[in-house]
Amino acid sequence: MLELRKAAKMVAGEYHIHPTDLTLARGSLNVLLGPTLAGKTSLMRLMAGLDRPTSGSVHFDGQDVTGLAVQKRNVAMVYQQFINYPSLTVYENIASPLRIAGKDAATIDREVRKAAELLRLSPYLDRTPLSLSGGQQQRTALARALVKNASLVLMDEPLANLDYKLREELREELPKVFAQSGAIFVYATTEPSEALLLGGNTATLSEGRITQFGPTISVYRRPADLVTARTFADPPLNFIEMVKSGDAFQHRNTEGLPVPAHLRAIENGPVTVAFHPHHLGFSQQTPEAAKLNARVQISEITGSESFVHLEYDGVKWVMLAPGIHDIDPDTGIDVFLDTRHLMAFGSDGRAIAAAAA
Amino acid sequence: MEKTWNNKAWFLVLPVLLLVAFSAVIPLMTVVNYSVQDTFGNNQFFWAGTDWFDDILHSDRFWQALQRNLLFSFIILALEIPLGIFIALNMPRKGIGVSVCLVLMALPLLIPWNVVGTIWQVFGRVDIGLLGRTLAILGVDYNYVRDPIDAWITVIVMDVWHWTSLVVLLCYAGLVSIPDAYYQAAKIDGASRFSVFRYIQLPKMKRVLLIAVLLRFMDSFMIYTEPFVVTGGGPGNSTTFLSIDLVKMAVGQFDLGPAAAMSIVYFLIILLLSWVFYTVMTSRDAEN
Amino acid sequence: MARITLDHIRHAYGANPVSESDYALREVDHEWNDGGAYALLGPSGCGKTTLLNIISGLLQPSHGRILFDGRDVTELSTQARNIAQVFQFPVVYDTMTVYDNLAFPLRNRHVPEAEVDRRVREMLEIIDLSGMAKRKAQRLTADQKQKISLGRGLVRNDVNAILFDEPLTVIDPHMKWVLRSQLKRLHKQFGFTMVYVTHDQTEALTFADKVVVMYEGQIVQIGTPAELFEKPRHTFVGYFIGSPGMNVMPARISGNRVSIGSESIELDNAPRIGGDERIELGIRPEFIRFAREGLKVKINRIEDIGRRKIVRAEFEGRPIAIVASEDVEIPAEPRIVFDPARINVYADSWRVGEEA
């Protein structure tokens with residue numbers, strides 16, 4: 001169990017990491033999700049012991065490890081760059097942490113072959129890393145982190161330098177690999193879709209603060225505030241400032257939206273309404289879908305789906321609709337918003353009520 | 001980059017601290033000690049206060065030597081920096097030429113100072129030197145032993161020959177770190193050769209150039225061995241730089257007090273000028 | 001803007017190519033329309049960057065010619081080809097202001113200063129950087145720098161084509177959306193010929209009118225995003241486009257019946273196959289749905305990725321992926337149905353048509 005207790009990092013009078021409380025359980029996979037410079041790497045460095053927190057403390061299994069050097073902590077790290085020993089074979093690369101630990105030859109051989117099997121590196125054990133593809137190089141680095149049998153494995157955007165398809169494959173494999181180890185995994189990424197594919201828990205980061213921490217899918221479905229909702233949405237979340245009066249949301253010069261059941265209880269007054277692009281559609285799929293008139297700005301087609309950029313009463317939205325819809329810019333169309341999935345946020349940015357699902 | 005807290009680190013730097021203490025701090029204190037005392041031999045010392053400093057700062061000999069130093073450093077920088085950049089720009093980036101050039105460039109740097117002096121002293125001699133003899137046959141009136149201008153030219157050419165390589169190597173390192181995309185983009189934008197230099201290469205070399213200028217300035221300002229070997233500070237006092245003057249005073253005339261005072265002044269001047277160079281160049285860097 | 005003709009282009013990096021595999025780029029023979037938006041899509045090492053460099057003039061093809069509007073430019077330098085390019089890592093002139101960066105290509109071509117000013121201001125509007133005209137380019141964020149790189153190309157209104165070499169690599173996901181749709185709007189507005197190299201299918205599909213899928217130095221398919229999705233010509237295209245990619249499984253054909261293991265499905269038409277090819281059936285995870293009756297599968301794992309669920313299952317002893325929407329309940333004893341209109345049949349990895 002890794003615990004940060006009010007751990008903070010200040011550099012030149014500015015917080016890089018605001019005082020943070022965080023508890024990560026053994027055998028868990030934890031995703032740190034946030035844009036570049038949100039503090040993902042700084043937070044990992046605190047966890048690893050590469051940096052000492054300016055204030056607060058770090059505990060491992062109840063023991064205070066705040067000042068303890070990284071070498072003494074049994075931590076493994078995987079970086080965005082593929083870091084391997086270029087002159088050693090894949091086998092020796094994977095074996096290196098075991099050799100340092102002074103394990104006997106039989107144990108080393110067994111562990112290396114096990115890790116290689118898991119990461120599908122067995123055919124390449126005699127090659128050197130630079131003769132392999134990027135994906136295989138990163139697998140080697142991952143295997144090395146795994147055999148170390150570290151209690152904490154930190155991965156800083158490990159797939160960012162890989163091709164899209166390779167990323168997809170590794171993303172699918174990684175949760176299986178993690179499940180077989182008892183370590184605490186921490187995985188930093190800028191991509192919401194990656195967090196969703198990995199599952200586990202997610203901590204969303206923004207400007208050096210953890211805005212929410214919990215099971216990945218529930219953070220996605222029930223963000224606690226606007227910042228979290230915005231961070232955890234790809235394609236981007238749609239917003240609109242509305243005024244609730246009775247059972248309608250009003251916006252400037254439009255007919256407005258009916259208030260769905262799960263938002264009836266909130267007070268009348270201004271509210272920020274948010275929803276995901278796939279909750280807009282071309283047809284009325286459910287009785288709760290409200291009809292809105294919007295203007296098309298541009299449409300992008302992905303093959304099976306279309307992203308239609310819309311303007312609704314001066315507000316810019318994206319709609320993600322199944323099928324191919326190449327609509328000319330500046331056309332007025334009717335779209336349907338599934339109000340069951342609306343989220344509402346108060347003027348302080350906190351969620352008032354989350355979507356039903 | 002930040003570091004882990006570990007007090008053991010102090011033990012690791014301790015040997016260096018001791019070394020610096022013995023090699024720099026203690027001798028420096030001795031020099032300070034000498035500079036405020038007078039002696040007539042027999043190990044008898046008298047308190048002299050700031051008298052030696054007054055003497056030094058009011059002596060024409062000191063100011064002339066300082067002027068020579070400044071002029072020399074100025075000429076050296078004005079020649080070596082542009083020449084170094086020019087050579088670096090024209091060095092090959094790929095293939096076998098790279099290593100050949102690098103080795104050729106590194107050669108002068110590997111030769112000890114006094115050997116460089118000796119080489120040029122012999123090379124330039126009018127009676128037996130290859131250069132001196134050739135010039136004499138060509139009808140050029142060249143004699144570094146007699147003519148102060150010729151002496152200066154010899155010392156400067158020697159220094160350029162010896163040290164331009166350093167500037168070249170530093171600039172080259174800066175140049176090869178520029179990604180190809182920059183050159184491609186410049187081509188596409190229709191940039192001239194000069195624009196590429198002015199807007200891509202020079203900005204990317206700025207950091208290494210700063211180091212090159214600093215190193216070359218400090219080194220040239222402290223020049224001693226080569227002119228001492230070649231000209232011995234002559235003819236007359238024409239190539240007597242501060243360092244040569246200092247040695248003459250301390251070892252030749254055994255004027256320990258004034259020599260100590262002078263070396264402290266000398267040290268402070270170098271420190272001050274280096275600081276000025278550094279702040280001027282880094283503050284321009286920070287503006288951007 | 002120009003029509004680009006790739007006339008039997010082949011390229012090998014080595015000196016004396018002997019076999020097909022020595023070529024980084026095998027036979028490319030295509031014509032790209034004036035004002036079209038093309039994406040070159042493929043994994044690393046597929047030859048897409050080689051092809052881009054041949055178009056930009058950084059590389060001379062070993063064989064073949066390249067023509068802009070019918071004019072042979074094979075021998076011309078990058079400068080003479082009059083193209084613009086945006087690179088993977090933003091290239092800006094650090095010491096210049098944003099304004100001067102944009103003015104640079106014009107000033108190099110001795111455009112009168114009044115004209116420079118007019119066009120730069122116009123471009124600053126278009127790329128949304130008017131407020132930063134006087135700022136030094138060095139301090140900007142990656143996406144702003146990329147906009148400057150793009151602006152430097154667009155500011156010359158006479159370019160033949162604009163080339164993009166994985167331009168969104170260093171951009172955060174949110175900014176990617178903004179830049180992508182801006183780019184698309186610019187294309188609609190000005191009608192430049194654009195060529196966009198990427199390994200990211202979303203970027204390629206959303207950006208381009210025509211996507212050029214490359215694999216091992218060859219173009220395996222050129223098509224609209226919809227064609228690539230619905231009728232991949234090669235199993236590689238099926239795998240590479242779509243996420244997860246198409247399910248491909250070995251099959252046997254007799255008439256219009258296709259059998260996979262012990263199960264069999266009826267097709268709308270009989271595929272046109274010869275005798276002894278390796279037959280495979282391809283079906284996209286999106287075109288499989290759960291039903292009361294149908295093929296039996298064993299579910300291994302369900303990945304809830306927010307707006308949809310990816311079901312990882314086992315069908316006839318082979319893994320199969322099924323995509324279900326957010327609100328679909330996965331039954332306890334699952335049966336699946338393939339949408340017959342969406343089934344593709346492959347012989348030796350190439351798609352076969354139907355019998356007339």
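1. Domain bounds in this note come from an automatic or database domain assignment. Chain C is split into domain 1 (4-235) and domain 2 (244-351). Taken over C-alpha atoms, the centres of domain 1 of chain C and domain 2 of chain C are 37 Å apart. Where the two touch, 6 residues of domain 1 of chain C meet 10 residues of domain 2 of chain C; residues are in contact if their C-beta atoms, placed from the backbone, lie within 7 Å. The domain 1 side of this contact in chain C holds 1 nonpolar, 2 polar and 3 charged residues. Here Ala, Val, Leu, Ile, Met, Phe, Trp, Tyr, Cys and Pro count as nonpolar, Asp, Glu, Lys and Arg as charged, and the others, Gly among them, as polar.

2. The model is predicted, and local features need pLDDT of at least 70, side-chain atom pairs count only at pLDDT 80 or more, and totals for chains, interfaces and linings use all residues. Residues are numbered from 1 along each chain as its sequence is written, while chains are lettered from A and ligands numbered from 1 in the order in which they are written.

3. Chain C as a whole has 9 helices and 23 strands. These are DSSP runs, numbered from the N terminus: helices are H or I with at least four residues, strands are E with at least two. The C-alpha trace of chain C spans about 75 × 50 × 35 Å along its principal axes. Of the 356 residues in chain C, 44% are buried, where buried means that 20 or more other C-beta atoms lie within 10 Å of the residue's own, with C-beta atoms placed from the backbone. Of the contacts in chain C between residues at least 6 apart in sequence, 66% link residues at least 24 apart.

4. Two annotations come from UniProt, in unreviewed entries. Residues 4-241 of chain C are listed as "domain: ABC transporter"; this span is 37% helix and 23% strand, with its end C-alpha atoms 25 Å apart. Residues 66-277 of chain B are listed as "domain: ABC transmembrane type-1"; that span is 77% helix and 0% strand, and its end C-alpha atoms lie 18 Å apart. UniProt positions are given in the numbering used here, feature names are shortened, and annotations may be inferred rather than shown by experiment.

5. Chain C touches chain B through 20 residues, against 16 residues from chain B. On the chain C side, α2 (78-81), β6 (83-86) and α3 (98-108) are the elements giving two or more residues. By class, that side of chain C has 10 nonpolar, 6 polar and 4 charged residues.

6. Chain A and chain C each give 31 residues to their contact. On the chain A side, α5 (164-179), α6 (192-198), α7 (216-221), β16 and β17 each supply at least two residues. The largest share, 4 residues, comes from α6(A). This side of chain A divides into 14 nonpolar, 11 polar and 6 charged residues.

7. In chain A, 5 strands form an open antiparallel sheet in the order β15-β19-β16-β17-β18; strands pair if DSSP finds at least two bridges between them. β15 (280-281) and β18 (315-322) of chain A each have a single partner strand, so one side of each has no neighbour in the sheet. Strand β17 (residues 305-312) of chain A pairs with β18(A) over 8 bridges in the antiparallel sense. A:Ser306 has A:Ala321 in β18(A) as its bridge partner. Helix α6 (residues 173-190) of chain C packs on this sheet and touches β16 (289-301) and β17 of chain A, with its direction at about 70° to that of β16(A). For such angles, axes are lines fitted to C-alpha atoms, for helices over the stretch in contact, and angles run from 0 to 180 degrees between N-to-C directions.

Conventions:
Buried ≥ 20, exposed ≤ 12 C-beta atoms within 10 Å, placed from the backbone.
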